[in-house]
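Work through the exercises below with the sequence and the 3D structure at hand. Each task is followed by a solution in steps.

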Amino acid sequence: MPDILIKNTKVFYKNYLQPGEIVIEDGKIKKIGKDIRLSNVDRVIDAKGGLTIPSGIDAHVHFREPGLTYKEDWFTGSCSAAAGGITTVIDHPNTVPATIDRKSFNSKLRIARRKCIVDFGINGGVCKNTEKLSELWELGVTAFGEIFMAESTGELNIGSDTLNHALEIIHDLGAVACIHAENESMRLKNQKLLKDDMSAMSHSRERPNMCEAVAVEQALKMLQAHLMRAHFCHISTREGLGLIRREKYISQKSGEMNITCEVAPHHLFLSTKDWDRLGSFGKMNPPLRDRSSVKILLNSLNDGTVDMVASDHAPHLEHEKDVDIKSAPSGVPGVETLMPLMLAAVKKNLLPLGRMIEVTSTNPASIFGLDRHCKGKFAEGFDADLIIVNHGEMVPVSADNLHSKAGWTPYEGMDAIFPDITISRGEIIWDGEIVGKRGRGKFLPGKGYAMDIESP
Ligand SMILES: NC(=O)N[C@@H](CC(=O)O)C(=O)O
Ligand SMILES: [Zn+2]
Ligand SMILES: [Zn+2]
């Protein structure tokens, strides 16, 4: 018997927004159609004329567990995801311990399996552990990285020799390298020059546009040498993006390389203008950028140069952030507001709904191989990972309504459209409150997974 029939809804199907109905059975989309008559179904959801679209896949979160659970843990992080319409996350390795070998990977996996309410992948860390990368790959990491070219939370940054060596190994494994591109020596120089500048804006100056662009260029040179594919995390500048655009154009012609990139919502919806309002709460890496980069990021999301949006959900507590700009940790929470901000952007005609679905679901699934787990496609036979947006009205973001342990948001008061219902593999996990069970989230192993290697 089918589990759910969603009726009286609009779907984005075959490139059109059209009235439709969806039947869900055994966690999968069984049928998409119109006027579907079912004699027997467990539950009928009346979407009241609202939208039903794919839920989000957030390929860049820091859920902080193990080690930093006072900031976030797999349960609170995943509740935050569910309430914001995200049903798959990929966790990044700068936890304590960092996810850099069998032991740390297995312990993170055990915790996530016990606590996570959405489906998840785990990325492998890259530091001096180059001899451990193949074992991490076989354990089922989704991808490698973020690989830190400059200092950020967790001190996992590596020099160019190690990076080059690691890229070679990752290429041989057939895995994807995710790169945090900022140039460390330029940052260090600026840090010295700016040591007495206590303005919040000094963080943007310490890591200027060129700091990203130079690192992107360095990384691209290495990738060219290995003829390998890679993914750039949170690209934030017109200069960095310009280099990626050029590379994409050339490699598309030759078919030799395949570069993808993401932008973070804080680089799309905030800018250096927000330093005044946010102070040290606006500190993240790469930093807030001026309006000219912000505009280009949005255009590039529309024209296809930017492949996806990922939150870089990096929670720190209020009291940790509420200190001077130099002492504050970098990072802002964002997994719960990613889809709501994007839906509001669609409503404001900043991008079409179809493109939003591509950059929040289709593309992250294909880039990180989650399509083999039936993710990222609104089609019969694929996982029923959906959000229902009944009302679709714009509401101001309020930290009081969010589920992260961070307890604050850089988007306070900004327009957003939150999902009324989030469905993960056919189960309602959010309907105004969290109803998904702790530990229901499924581990989605990467392509290198050799099942027998994992310890019990
Ligand atoms: N973005 C940040 O400023 N911080 C991230 C790490 C990172 O993505 O660089 C964190 O984990 O806190
Ligand atoms: Zn980063
Ligand atoms: Zn990050």
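**Exercise 1.** Find out whether helix α1 (residues 74-83) is largely enclosed or not, and name what its buried residues pack against.

*Solution.* Step 1: count. In this predicted model, nine of the 10 residues of α1 are buried, so the helix is largely enclosed by the rest of the structure. Buried means under 20% relative accessible area, exposed over 50%, and partly exposed in between, with a 1.4 Å probe and protein chains only. Helices (H or I, at least four residues) and strands (E, at least two) are DSSP runs numbered from the N terminus.

Step 2: list. The buried residues are W74, T76, G77, S78, C79, S80, A81, A82 and A83.

Step 3: look for partners. These residues pack against the helix α2 (102-115) and against β7 (86-91), β8 (119-122), β17 (421-424) and β18 (427-430); contact means heavy atoms within 4.5 Å.

A note on conventions: residues are numbered from 1 along each chain as its sequence is written, and chains are lettered from A and ligands numbered from 1 in the order in which they are written. Local features need pLDDT of at least 70, side-chain atom pairs count only at pLDDT 80 or more, totals for chains, interfaces and linings use all residues, and side-chain values use heavy atoms, with hydrogens and water left out.

**Exercise 2.** Which residues coordinate the zinc ion (ligand 2), and which parts of the chain do they tie together?

*Solution.* Step 1: the donors are E146 (OE), H180 (ND1) and H234 (NE2), at 1.9 to 2.1 Å. Donors are N, O and S atoms within 2.8 Å of the metal (3.2 Å for Na, K and Ca); water is not among the atoms, so sites may look incomplete.

Step 2: E146 lies in strand β9 and H234 in the loop between β11 (230-232) and α8 (238-254), so the pair ties together parts 88 residues apart in sequence. Both E146 and H234 are buried.

**Exercise 3.** Identify the protein donors of the zinc ion (ligand 3), and the residue that coordinates both zinc ions.

*Solution.* Step 1: H60 (NE2), H62 (NE2), E146 (OE) and D312 (OD) lie 1.9 to 2.2 Å from ligand 3. Their spacing along the chain is H-x1-H-x83-E-x165-D.

Step 2: H60, in strand β6 (residues 56-61), and E146, in strand β9 (residues 144-148), are 86 residues apart. H60 is buried, as is E146.

Step 3: E146 coordinates both zinc ions, which are 3.5 Å apart.

**Exercise 4.** How many helices and strands does the protein have?

*Solution.* The count is 14 helices and 18 strands. Of the 456 residues, 63% are buried.
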